[in-house]
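Reader: Could you pick one part of this chain and walk me through it slowly? I'm in my first year, so please explain each term when it turns up.

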Amino acid sequence: MRAQWVLLSALGAAVIGVGWLLFGDMLRWLVASWLTDPNYSHGFLVPFIAAFFFWRARDSFRERRPSTLGLVGLAFALLLHLAATPLRIYPLSALAFVLSLAALTLLVWGMPALRAGRYAFITLALMIPVPFIDRVSPLLEAFTAQAAAASVSLVGTQALTLGS
């Protein structure tokens, strides 16, 4: 029993080490984006929220039904990452990171665990900064302001939108 834990710990450390070697630059970019872009300052909370979703689905991770489809998903995610890294397309690399976590889940625990963890993976995707958010944000803000003014006018209150 003790030897099994030592083996699993060594395997886990190896996976984390290889993951850091592959995705280290992207993870540093991700943290820098969270620190400097106020649109993504929530990024530090997202892994904890995803961990909560994993914890809620923990019963699905007790039984292992490995799937070889995880290898296909892992290969796709790694190819995506290897294509994005030299071009410094970090959002695509971050998406490949989330996809590789999902593929590893499928490979080790199987489809039931992947289904149970889907909310966690979707949540992790929300921590990825979108490169065009600065161009889209003013349009979304103007639309929201106009929709709010129209909604308020339905109840008989006058509203005026100013600014962009």
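Author: Sure, starting with the naming: helices (H or I, at least four residues) and strands (E, at least two) are DSSP runs, numbered from the N terminus. This is a predicted model, where local features need pLDDT of at least 70 and side-chain atom pairs count only at pLDDT 80 or more, while totals for chains, interfaces and linings use all residues. Residues are numbered from 1 along each chain as its sequence is written, and side-chain values use heavy atoms, with hydrogens and water left out.

Let's zoom in on Ile89, which sits in the loop between α3 (69-84) and α4. Ile89 counts as partly exposed because its relative accessibility is 36%; buried means under 20% relative accessible area, exposed means over 50%, and partly exposed is in between (1.4 Å probe, protein chains only).

Ile89 has company out there: together with Phe76, Leu87, Leu92, Leu95 and Leu99, Ile89 makes a nonpolar surface patch of about 520 Å². To join a patch, a residue needs over 30% relative accessible area and no salt bridge; nonpolar side chains (Val, Leu, Ile, Met, Phe, Trp, Tyr) are linked within 5 Å, and like charges within 9 Å. The areas come from the Shrake-Rupley method with a 1.4 Å probe, and for residues only the protein chains shown count as cover. Helix α4 (residues 90-108) is the top contributor to this patch, with three residues.

That may look odd, since nonpolar side chains in soluble globular proteins tend to be buried together. So let's look at the buried side too. The largest nonpolar core has 19 residues, and Met26, Phe121, Leu124 and Met127 have the most contacts inside it. Two or more residues each come from α1 (2-36), α2 (46-56), α4 and α6 (118-125), and α4 gives the most to this core, with six. A core here is a set of buried Ala, Val, Leu, Ile, Met, Phe, Trp, Tyr and Cys residues joined through side-chain atoms within 4.5 Å. Helix α4, then, is the top giver to the nonpolar patch and also to the largest core.

Take Met26 as an example: leaving out residues up to four places away in sequence, Met26 touches Tyr90, Ser93, Ala94 and Phe97, where touching means heavy atoms within 4.5 Å. Not far along the sequence, the side chains of Asp25 and Arg28 meet in a salt bridge (2.5 Å, N to O), that is, a side-chain nitrogen of Lys or Arg within 4 Å of a carboxyl oxygen of Asp or Glu. Asp25 and Arg28 are separated by about one helical turn, because they are three residues apart in helix α1. Asp25 is partly exposed, at 45% relative accessibility.

Another loop, the one between α2 and α3, holds Ser67. With a relative accessible area of 17%, Ser67 is buried. Beyond its sequence neighbours up to four places away, Ser67 touches Leu106, Leu107 and Gly110.

Stepping back, the chain has seven helices and zero strands. Of its 164 residues, 29% count as buried, and 71% of its accessible surface of about 11,300 Å² belongs to carbon and sulfur atoms. The C-alpha trace spans about 70 × 40 × 25 Å along its principal axes.
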